[in-house]
Amino acid sequence: MEKDYPPLDQYSPASAPPPYQPDAYPPQPYPPQQNAPYPPQQFVDAPLPSYGQAYPQQQYSQQQATTNVAVVSQPGVTNTVVAYGKPPNYIALSLINLLCCCWPLGIVGLIYSLKVDSEYNAGRYEEARRASDSARSINYIGIGIGSFLIIGYIVLIIAINVGVAASNS
């Protein structure tokens with residue numbers, strides 16, 4: 001089935017749109033102002049000042065527009081929006097605690113660290129802050145206990161080696 005296309009000369013540059021005609025539409029006057037509190041504007045055909053000269057002062061009428069504005073505050077419910085920043089989740093600290101220091105407290109700290117993100121994404125900002133504080137506290141306690149045990153183990157090994165060396169001599 002063959003389609004009928006228009007002839008190519010219809011799309012050629014020789015068939016340009018008609019030229020612009022400046023007098024095709026006569027200028028329209030502005031509509032008259034109704035109930036305006038100020039006089040209509042008057043335009044003056046004055047030449048523009050050259051460089052360094054001041055512009056001529058505009059003529060203002062002595063009429064002033066007066067308006068009465070009443071501000072009424074209505075009693076009602078006021079909504080207060082508080083923007084909470086996302087609390088830190090201490091997940092890196094939990095992983096360090098889990099792998100290097102005290103793994104039981106590292107697991108608990110990791111659970112609280114993951115809870116921070118889920119509570120925050122659910123819109124429970126206060127619970128997210130509490131979970132963040134708990135994760136930080138548990139991880140600090142775990143790092144403290146783990147550091148104490150590691151230092152104690154090192155001191156014990158040194159003491160045993162010193163005792164063995166003293167008994168051999």
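Arg136 is partly exposed, at 28% relative accessible area (buried means under 20%, exposed over 50% and partly exposed in between, with a 1.4 Å probe and protein chains only). This residue belongs to a charged network: salt bridges with shared partners tie Glu126, Arg129, Asp133 and Arg136 together. A salt bridge here is a side-chain nitrogen of Lys or Arg within 4 Å of a carboxyl oxygen of Asp or Glu. The model is a predicted one, so local features need pLDDT of at least 70 and side-chain atom pairs count only at pLDDT 80 or more, while totals for chains, interfaces and linings use all residues. Residues are numbered from 1 along each chain as its sequence is written, and side-chain values use heavy atoms, with hydrogens and water left out.

As for the overall layout, the protein chain has 3 helices and 0 strands, and its elements run α-α-α from the N terminus on. Helices (H or I, at least four residues) and strands (E, at least two) are DSSP runs, numbered from the N terminus. Of the 169 residues in the protein chain, 10% are buried.

Back to the charges. The whole structure holds 5 salt bridges. In one of them Asp133 meets Arg136, at 3.7 Å from N to O; the two sit 3 residues apart in helix α3, about one turn of the helix. Asp133, like its partner, is partly exposed, in its case because its relative accessibility is 26%. Another salt bridge links Arg129 to Glu126, whose closest N and O atoms are 2.4 Å apart. Here too the spacing along helix α3 is 3 residues, which means that about one helical turn separates Arg129 and Glu126. Arg129 counts as partly exposed at 38% relative accessibility, and Glu126 is partly exposed as well, at 32%.

A further salt bridge joins the side chains of Arg124 and Glu119, at 2.6 Å from N to O. Its two ends are covered to differing degrees: Arg124 is partly exposed, with a relative accessible area of 40%, whereas Glu119 is buried, at 11%.

Helix α3, which spans residues 125-168, also contains Tyr153. With 54% relative accessibility, Tyr153 counts as exposed. Together with Ile150, Ile154, Ile157, Ile158 and Val162, Tyr153 makes a nonpolar surface patch of about 570 Å². Patches are built from residues with over 30% relative accessible area and no salt bridge, with like charges joined within 9 Å and nonpolar side chains (Val, Leu, Ile, Met, Phe, Trp, Tyr) within 5 Å. The accessible areas themselves come from the Shrake-Rupley method with a 1.4 Å probe, and for residues only the protein chains shown count as cover.

Asn139 also has its place in helix α3, but this residue is buried, at 0% relative accessibility. A polar atom of the Asn139 side chain lies 2.8 Å from the backbone oxygen of Ala135. For reference, a polar contact is a pair of N or O atoms within 3.5 Å; within protein, one must be able to donate a hydrogen and the other to accept it, and residues adjacent in sequence count only if both atoms are side-chain atoms.

Now for the aromatics. A pair of rings is described by the distance of the centres and the angle of the planes. Rings of Phe, Tyr and Trp (its six-membered ring) pair if their centres lie within 6.5 Å, and planes under 30 degrees apart count as stacked, over 60 as edge-to-face and the rest as tilted. By this rule there is 1 aromatic pair. That pair is Tyr120 with Tyr125, an edge-to-face arrangement at 5.3 Å centre to centre and 65° between the planes. Tyr125 is partly exposed, with 34% relative accessible area.

The cysteines stay unpaired: the whole structure has 0 disulfides, a disulfide being a pair of cysteine sulfur atoms within 2.5 Å. For Cys100, the closest cysteine sulfur is that of Cys101, and at 5.9 Å it is too far for a bond. Cys102 is in no disulfide either, since the nearest cysteine sulfur, again in Cys101, is 8.0 Å away. Cys102 is buried, at 14% relative accessibility.

One backbone oddity rounds things off. Most residues other than glycine have a negative phi. Tyr90 is not a glycine, yet its phi is positive, at about 55°. Tyr90 lies in the segment before α1 (91-101) and is partly exposed, with 21% relative accessible area.
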